[in-house]
Amino acid sequence: MTFLPLYINYPSWIHPEIFPGVPFLGLIRWYGLMYIFAFGTAFLLLRKQQKEGALDTPEHKATEDDIFSFIACGIIFLLIGARVFSTLVYDTSGLYWKKPWLIFWPFDTETKKFTGLAGMSYHGGFIGGLIGMIVWCKIHKQPLWKWIDAMCVAIPLGYTFGRLGNFMNGELYGRITTMPWGMVFPRAERFSASFDWVKNFAESCGMVLSEGQRMVNLPRHPSQLYEALFEGVLLWCVLWLLRKHKPFDGFLGACYTMGYGIVRFVIEYFREPDADIGYRISHDGSTAVYTNTSLLNISTGQVLCFLMIVGSAILMLVLWFLDRRKKKLLEK
(Lines give C-alpha, C1' and ligand atoms only; values in the text may rest on other atoms or scores of the structure.)
Protein backbone atom coordinates (compact mmCIF):
# COMPACT_ATOMS: atom_id res chain seq x y z
CA MET A 1 0.00 0.00 0.00
CA THR A 2 1.34 3.44 -0.96
CA PHE A 3 0.80 6.39 1.34
CA LEU A 4 0.81 9.99 0.23
CA PRO A 5 3.44 12.09 2.05
CA LEU A 6 1.98 14.17 4.87
CA TYR A 7 4.33 17.11 4.35
CA ILE A 8 5.27 19.74 1.79
CA ASN A 9 8.67 20.21 0.17
CA TYR A 10 9.94 23.78 0.21
CA PRO A 11 9.45 25.13 -3.35
CA SER A 12 12.69 24.55 -5.27
CA TRP A 13 12.16 27.68 -7.38
CA ILE A 14 12.42 30.00 -4.37
CA HIS A 15 15.89 31.48 -3.79
CA PRO A 16 16.99 34.26 -1.42
CA GLU A 17 18.08 36.21 -4.51
CA ILE A 18 15.40 37.53 -6.84
CA PHE A 19 17.68 37.04 -9.87
CA PRO A 20 20.11 34.29 -8.82
CA GLY A 21 23.24 34.05 -10.93
CA VAL A 22 22.64 37.34 -12.75
CA PRO A 23 25.55 39.82 -12.33
CA PHE A 24 24.67 42.77 -10.06
CA LEU A 25 20.97 41.86 -10.07
CA GLY A 26 21.88 38.75 -8.09
CA LEU A 27 22.60 41.03 -5.13
CA ILE A 28 18.90 41.96 -4.86
CA ARG A 29 17.23 39.74 -2.28
CA TRP A 30 13.61 39.06 -1.48
CA TYR A 31 14.13 40.01 2.14
CA GLY A 32 15.32 43.52 1.21
CA LEU A 33 12.46 43.94 -1.27
CA MET A 34 9.99 42.90 1.42
CA TYR A 35 11.30 45.69 3.65
CA ILE A 36 10.39 48.16 0.89
CA PHE A 37 6.88 46.68 0.67
CA ALA A 38 6.58 46.79 4.47
CA PHE A 39 7.55 50.45 4.76
CA GLY A 40 5.43 51.38 1.73
CA THR A 41 2.38 49.67 3.25
CA ALA A 42 2.92 51.39 6.59
CA PHE A 43 3.17 54.75 4.82
CA LEU A 44 -0.09 54.24 2.88
CA LEU A 45 -1.99 53.21 6.01
CA LEU A 46 -0.56 56.12 7.97
CA ARG A 47 -1.54 58.53 5.20
CA LYS A 48 -5.05 57.06 5.20
CA GLN A 49 -5.36 57.88 8.91
CA GLN A 50 -3.93 61.34 8.31
CA LYS A 51 -6.64 62.02 5.74
CA GLU A 52 -9.22 60.84 8.27
CA GLY A 53 -7.95 63.52 10.65
CA ALA A 54 -6.59 61.06 13.22
CA LEU A 55 -3.36 63.07 13.57
CA ASP A 56 -4.80 66.57 13.63
CA THR A 57 -4.73 68.84 16.67
CA PRO A 58 -6.35 72.25 17.22
CA GLU A 59 -2.96 73.85 16.62
CA HIS A 60 -1.75 71.77 13.67
CA LYS A 61 -3.27 69.88 10.75
CA ALA A 62 -1.02 66.92 9.85
CA THR A 63 0.36 66.97 6.31
CA GLU A 64 1.84 64.40 3.96
CA ASP A 65 5.26 65.92 4.60
CA ASP A 66 4.76 65.14 8.29
CA ILE A 67 4.04 61.52 7.36
CA PHE A 68 7.19 61.28 5.22
CA SER A 69 9.49 62.70 7.88
CA PHE A 70 7.85 60.67 10.67
CA ILE A 71 8.21 57.41 8.72
CA ALA A 72 11.78 58.24 7.70
CA CYS A 73 12.84 58.96 11.27
CA GLY A 74 11.15 55.80 12.51
CA ILE A 75 12.77 53.65 9.80
CA ILE A 76 16.28 54.90 10.55
CA PHE A 77 15.97 54.22 14.27
CA LEU A 78 14.16 50.91 13.62
CA LEU A 79 16.94 49.57 11.39
CA ILE A 80 19.62 50.66 13.84
CA GLY A 81 17.80 49.06 16.77
CA ALA A 82 17.01 45.85 14.87
CA ARG A 83 20.62 45.39 13.76
CA VAL A 84 22.25 46.32 17.07
CA PHE A 85 19.91 44.07 19.05
CA SER A 86 20.44 41.17 16.67
CA THR A 87 24.22 41.35 16.79
CA LEU A 88 24.69 42.13 20.48
CA VAL A 89 21.89 40.00 21.99
CA TYR A 90 21.39 37.05 19.64
CA ASP A 91 24.96 36.54 18.40
CA THR A 92 26.84 34.34 20.88
CA SER A 93 30.28 34.50 19.28
CA GLY A 94 31.12 37.81 20.95
CA LEU A 95 32.48 39.10 17.63
CA TYR A 96 30.37 42.26 17.57
CA TRP A 97 31.21 43.17 21.16
CA LYS A 98 34.92 42.97 20.26
CA LYS A 99 34.53 44.63 16.85
CA PRO A 100 31.40 46.81 16.98
CA TRP A 101 32.26 48.47 13.65
CA LEU A 102 31.25 45.18 11.97
CA ILE A 103 27.63 45.61 13.12
CA PHE A 104 26.84 47.61 9.98
CA TRP A 105 29.48 45.99 7.74
CA PRO A 106 27.58 44.38 4.79
CA PHE A 107 30.32 41.92 3.76
CA ASP A 108 31.31 38.52 5.14
CA THR A 109 34.50 38.98 7.18
CA GLU A 110 36.08 35.81 5.74
CA THR A 111 34.84 35.48 2.17
CA LYS A 112 34.39 39.25 1.60
CA LYS A 113 31.13 38.36 -0.14
CA PHE A 114 28.31 40.89 0.00
CA THR A 115 25.67 39.65 2.46
CA GLY A 116 23.80 42.83 3.31
CA LEU A 117 22.85 43.34 6.94
CA ALA A 118 22.00 39.69 7.56
CA GLY A 119 20.28 39.42 10.89
CA MET A 120 17.59 41.74 12.24
CA SER A 121 15.73 41.52 15.55
CA TYR A 122 12.06 42.44 15.82
CA HIS A 123 12.36 43.45 19.47
CA GLY A 124 15.38 45.62 18.69
CA GLY A 125 13.44 47.22 15.85
CA PHE A 126 10.50 47.78 18.20
CA ILE A 127 12.72 49.64 20.69
CA GLY A 128 14.55 51.57 17.98
CA GLY A 129 11.34 52.53 16.18
CA LEU A 130 9.79 53.69 19.46
CA ILE A 131 12.79 55.89 20.19
CA GLY A 132 12.59 57.29 16.65
CA MET A 133 8.91 58.20 17.09
CA ILE A 134 9.61 59.86 20.43
CA VAL A 135 12.47 61.88 18.93
CA TRP A 136 10.36 63.01 15.97
CA CYS A 137 7.39 64.01 18.12
CA LYS A 138 9.62 65.97 20.50
CA ILE A 139 11.36 67.82 17.66
CA HIS A 140 8.11 68.63 15.83
CA LYS A 141 6.13 69.19 19.03
CA GLN A 142 3.42 66.72 18.10
CA PRO A 143 1.27 64.62 20.49
CA LEU A 144 3.30 61.46 21.05
CA TRP A 145 0.55 58.97 21.85
CA LYS A 146 -1.66 60.11 18.98
CA TRP A 147 1.15 59.43 16.48
CA ILE A 148 2.15 56.17 18.16
CA ASP A 149 -1.45 54.95 17.91
CA ALA A 150 -1.57 55.71 14.19
CA MET A 151 1.78 54.02 13.59
CA CYS A 152 0.82 50.90 15.55
CA VAL A 153 -2.30 50.54 13.41
CA ALA A 154 -0.09 50.66 10.30
CA ILE A 155 2.74 48.39 11.46
CA PRO A 156 1.21 44.87 11.50
CA LEU A 157 0.20 44.71 7.83
CA GLY A 158 3.64 45.95 6.83
CA TYR A 159 5.21 43.44 9.22
CA THR A 160 3.52 40.66 7.24
CA PHE A 161 5.91 41.30 4.36
CA GLY A 162 8.92 40.96 6.65
CA ARG A 163 7.89 37.45 7.67
CA LEU A 164 7.19 36.56 4.03
CA GLY A 165 10.76 37.67 3.37
CA ASN A 166 11.98 35.26 6.05
CA PHE A 167 10.02 32.49 4.33
CA MET A 168 11.54 33.37 0.95
CA ASN A 169 14.96 33.17 2.58
CA GLY A 170 14.12 29.75 3.99
CA GLU A 171 15.03 30.92 7.51
CA LEU A 172 13.41 31.20 10.95
CA TYR A 173 11.56 27.95 10.31
CA GLY A 174 9.75 26.08 13.05
CA ARG A 175 10.20 22.89 15.02
CA ILE A 176 9.68 19.45 13.51
CA THR A 177 6.06 18.41 13.07
CA THR A 178 3.86 15.61 11.76
CA MET A 179 1.15 18.06 10.66
CA PRO A 180 0.26 17.65 6.96
CA TRP A 181 1.30 21.26 6.26
CA GLY A 182 4.76 20.66 7.73
CA MET A 183 7.47 21.77 5.32
CA VAL A 184 10.95 20.46 4.56
CA PHE A 185 13.28 23.48 4.51
CA PRO A 186 16.54 22.91 2.57
CA ARG A 187 18.86 24.52 5.14
CA ALA A 188 17.26 23.01 8.23
CA GLU A 189 19.19 20.76 10.59
CA ARG A 190 19.27 17.10 9.51
CA PHE A 191 19.02 14.14 11.86
CA SER A 192 20.74 10.76 11.80
CA ALA A 193 18.59 8.04 10.24
CA SER A 194 20.14 5.57 12.68
CA PHE A 195 17.93 6.85 15.50
CA ASP A 196 14.67 4.98 15.97
CA TRP A 197 12.76 8.17 16.81
CA VAL A 198 13.87 9.69 13.48
CA LYS A 199 12.71 6.60 11.56
CA ASN A 200 9.38 6.59 13.39
CA PHE A 201 8.89 10.33 12.87
CA ALA A 202 9.65 10.04 9.15
CA GLU A 203 7.26 7.09 8.82
CA SER A 204 4.46 9.01 10.54
CA CYS A 205 4.92 11.77 7.92
CA GLY A 206 4.79 9.32 5.03
CA MET A 207 8.47 10.02 4.32
CA VAL A 208 10.23 7.12 2.62
CA LEU A 209 13.89 6.73 3.58
CA SER A 210 16.18 5.32 0.91
CA GLU A 211 18.46 2.35 1.54
CA GLY A 212 21.62 3.50 3.24
CA GLN A 213 20.35 7.04 3.83
CA ARG A 214 22.34 8.53 6.70
CA MET A 215 20.74 11.91 7.37
CA VAL A 216 17.09 12.99 7.23
CA ASN A 217 15.58 16.46 6.80
CA LEU A 218 12.29 16.29 8.70
CA PRO A 219 9.22 18.49 8.09
CA ARG A 220 8.88 21.63 10.19
CA HIS A 221 6.23 24.16 11.08
CA PRO A 222 6.29 27.06 8.54
CA SER A 223 6.32 29.42 11.51
CA GLN A 224 7.18 32.41 9.32
CA LEU A 225 3.74 32.03 7.70
CA TYR A 226 2.07 31.63 11.10
CA GLU A 227 3.63 34.94 12.15
CA ALA A 228 2.71 36.65 8.88
CA LEU A 229 -0.93 35.61 9.37
CA PHE A 230 -1.46 36.09 13.12
CA GLU A 231 1.05 38.82 14.07
CA GLY A 232 0.47 40.55 10.76
CA VAL A 233 -2.88 40.26 8.99
CA LEU A 234 -5.16 39.30 11.89
CA LEU A 235 -3.62 41.72 14.41
CA TRP A 236 -3.89 44.50 11.80
CA CYS A 237 -7.58 43.70 11.21
CA VAL A 238 -8.34 44.05 14.92
CA LEU A 239 -6.47 47.34 15.29
CA TRP A 240 -7.89 48.76 12.07
CA LEU A 241 -11.42 48.12 13.31
CA LEU A 242 -10.59 49.68 16.69
CA ARG A 243 -8.88 52.80 15.33
CA LYS A 244 -12.00 55.03 15.44
CA HIS A 245 -13.18 53.73 18.81
CA LYS A 246 -10.17 54.22 21.07
CA PRO A 247 -11.11 55.60 24.52
CA PHE A 248 -7.87 57.59 24.90
CA ASP A 249 -4.61 58.29 23.09
CA GLY A 250 -2.09 55.52 23.57
CA PHE A 251 -4.77 52.82 23.75
CA LEU A 252 -3.99 51.39 20.30
CA GLY A 253 -0.25 51.45 20.97
CA ALA A 254 -0.78 49.43 24.15
CA CYS A 255 -3.17 47.07 22.32
CA TYR A 256 -0.64 46.46 19.57
CA THR A 257 2.18 45.79 22.02
CA MET A 258 0.07 43.42 24.10
CA GLY A 259 -1.49 41.71 21.08
CA TYR A 260 1.85 41.13 19.40
CA GLY A 261 3.41 39.93 22.64
CA ILE A 262 0.66 37.37 23.28
CA VAL A 263 0.52 36.03 19.71
CA ARG A 264 4.30 35.84 19.33
CA PHE A 265 4.65 34.16 22.75
CA VAL A 266 2.33 31.36 21.58
CA ILE A 267 3.91 31.00 18.15
CA GLU A 268 7.35 30.69 19.77
CA TYR A 269 6.27 27.19 20.85
CA PHE A 270 6.20 26.27 17.15
CA ARG A 271 9.24 28.30 16.05
CA GLU A 272 12.71 26.87 16.62
CA PRO A 273 14.96 29.02 18.84
CA ASP A 274 18.57 29.67 17.87
CA ALA A 275 20.50 26.49 18.64
CA ASP A 276 23.48 28.36 20.11
CA ILE A 277 21.20 30.20 22.56
CA GLY A 278 18.64 27.50 23.31
CA TYR A 279 16.17 28.14 26.13
CA ARG A 280 16.55 31.01 28.55
CA ILE A 281 14.48 28.98 31.01
CA SER A 282 14.53 25.18 30.76
CA HIS A 283 12.02 23.53 33.09
CA ASP A 284 13.00 19.93 32.34
CA GLY A 285 16.66 20.51 31.46
CA SER A 286 16.04 19.88 27.75
CA THR A 287 18.46 21.45 25.26
CA ALA A 288 16.77 20.09 22.12
CA VAL A 289 15.35 23.13 20.34
CA TYR A 290 13.93 21.21 17.36
CA THR A 291 11.06 20.10 19.62
CA ASN A 292 9.60 21.38 22.87
CA THR A 293 9.09 18.88 25.66
CA SER A 294 7.52 21.34 28.11
CA LEU A 295 5.45 24.52 27.92
CA LEU A 296 7.74 25.83 30.66
CA ASN A 297 10.78 25.73 28.38
CA ILE A 298 11.01 29.42 27.51
CA SER A 299 12.96 30.97 24.63
CA THR A 300 14.59 34.40 24.40
CA GLY A 301 11.73 35.62 22.21
CA GLN A 302 9.19 34.54 24.82
CA VAL A 303 11.04 36.36 27.61
CA LEU A 304 10.98 39.55 25.53
CA CYS A 305 7.32 39.04 24.61
CA PHE A 306 6.42 38.55 28.26
CA LEU A 307 8.06 41.91 29.02
CA MET A 308 6.00 43.45 26.20
CA ILE A 309 2.77 42.03 27.66
CA VAL A 310 3.51 43.21 31.18
CA GLY A 311 4.77 46.61 30.00
CA SER A 312 1.72 47.22 27.80
CA ALA A 313 -0.67 46.24 30.63
CA ILE A 314 1.02 48.73 32.96
CA LEU A 315 0.99 51.39 30.24
CA MET A 316 -2.72 50.80 29.58
CA LEU A 317 -3.55 51.30 33.27
CA VAL A 318 -1.39 54.43 33.56
CA LEU A 319 -2.86 56.05 30.45
CA TRP A 320 -6.40 55.14 31.54
CA PHE A 321 -5.79 56.69 34.96
CA LEU A 322 -4.31 59.88 33.47
CA ASP A 323 -7.18 60.19 30.99
CA ARG A 324 -9.74 59.71 33.73
CA ARG A 325 -8.08 62.33 35.92
CA LYS A 326 -7.91 64.75 32.99
CA LYS A 327 -11.64 64.35 32.30
CA LYS A 328 -12.48 64.94 35.96
CA LEU A 329 -10.46 68.14 35.97
CA LEU A 330 -12.28 69.35 32.86
CA GLU A 331 -15.64 68.65 34.50
CA LYS A 332 -14.86 70.91 37.45
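## A walk through a helix-rich predicted model

Let's start with the parts list: the chain folds into nine helices and six strands. Keep in mind as you look around that this is a predicted model. Along its principal axes, the C-alpha trace spans about 80 × 45 × 40 Å. The chain has 332 residues, and 44% of them count as buried. As for the outside, about 18200 Å² is exposed, with carbon and sulfur atoms supplying 68% of that area. Contacts between distant parts of the sequence are well represented here: take the contacts with a separation of 6 or more, and 70% of them join residues 24 or more positions apart.

Now for the interior. The largest nonpolar core contains 38 residues, and the ones with the most contacts inside it are Phe70, Ile71, Trp147, Met151 and Tyr260. Which helices each supply at least two residues of this core? They are H1 (30-51), H2 (64-90), H4 (122-140), H5 (144-169), H7 (223-242), H8 (251-267) and H9 (300-331). The top contributor is H5, which gives eight residues. Apart from this core lies another one, made of 13 residues, with Val184, Ala202, Val216 and Tyr290 among them.

Trp147 is a good place to zoom in, since it is one of the residues with the most contacts inside the largest core. Setting aside residues up to four places away in sequence, Trp147 touches Leu55, Ala62, Asp66, Ile67, Phe70, Trp136, Cys137 and Gln142. Phe70, another of the residues with the most contacts in the core, is on that list of partners.

Follow the contact to Asp66, and you land in helix H2. Is this aspartate buried or exposed? Asp66 counts as buried, because its relative accessibility is 11% and the cut-off for buried is under 20%. Beyond its neighbours within four places in sequence, Asp66 is in contact with His60, Lys61, Trp136 and Trp147. So that you can place Asp66 against an earlier stretch of the chain, look at Gln50: the two are 16 residues apart along the chain, and their C-alpha atoms are separated by 9.5 Å.

Next, step back to see how helices pair up. The axes of H2 and H4 come within 6 Å and cross at roughly 145 degrees, and this crossing is right-handed. Sort the residues of the H2 and H4 contact by class, and you get 13 nonpolar, 10 polar and one charged. H4 also meets H9, where the axes come within 10 Å and cross at roughly 35 degrees. On the H4 side, the residues making this contact are Tyr122, His123 and Phe126, while H9 brings Gly301, Leu304, Cys305 and Met308. By class, the H4 and H9 contact has five nonpolar residues, two polar ones and no charged ones.

Back on helix H5, have a look at Leu157. What does this leucine contact, leaving aside neighbours within four places in sequence? The partners are Thr41, Leu45, Gly232, Val233 and Trp236. Leu157 and Trp236 are 79 residues apart in sequence, yet their C-alpha atoms are 5.7 Å apart in space.

For contrast, try Pro100, found in the loop between helix H3 (95-98) and H4. Pro100 and Arg47 are 53 residues apart in sequence, and their C-alpha atoms are 37 Å apart in space. Pro100 counts as partly exposed because its relative accessible area is 43%, and that class runs between the 20% and 50% cut-offs.

Finally, two loop residues deserve a look for their backbone angles. Most residues other than glycine have a negative phi. Lys141, though not a glycine, has a positive phi of about 55 degrees. Lys141 is found in the loop between H4 and H5, and with a relative accessible area of 75%, this lysine is exposed. Leu172 is not a glycine either, and has a positive phi of about 55 degrees. You'll find Leu172 in the loop between H5 and strand E2 (183-184). At 29% relative accessibility, Leu172 counts as partly exposed.

Notes
Residues are numbered from 1 along each chain as its sequence is written. This is a predicted model: local features need pLDDT of at least 70, side-chain atom pairs count only at pLDDT 80 or more; totals for chains, interfaces and linings use all residues. Side-chain values use heavy atoms; hydrogens and water are left out. A nonpolar core is a set of buried Ala, Val, Leu, Ile, Met, Phe, Trp, Tyr and Cys residues joined through side-chain atoms within 4.5 Å. Buried means under 20% relative accessible area, exposed over 50%, partly exposed in between (1.4 Å probe, protein chains only). Helices (H or I, at least four residues) and strands (E, at least two) are DSSP runs, numbered from the N terminus. Contact means heavy atoms within 4.5 Å. Axes are lines fitted to C-alpha atoms, for helices over the stretch in contact, and angles run from 0 to 180 degrees between N-to-C directions. A crossing is left-handed if the near helix is turned anticlockwise from the far one by less than a right angle, and right-handed if clockwise. Ala, Val, Leu, Ile, Met, Phe, Trp, Tyr, Cys and Pro count as nonpolar, Asp, Glu, Lys and Arg as charged, and the others, Gly among them, as polar. Accessible areas come from the Shrake-Rupley method with a 1.4 Å probe; for residues, only the protein chains shown count as cover.
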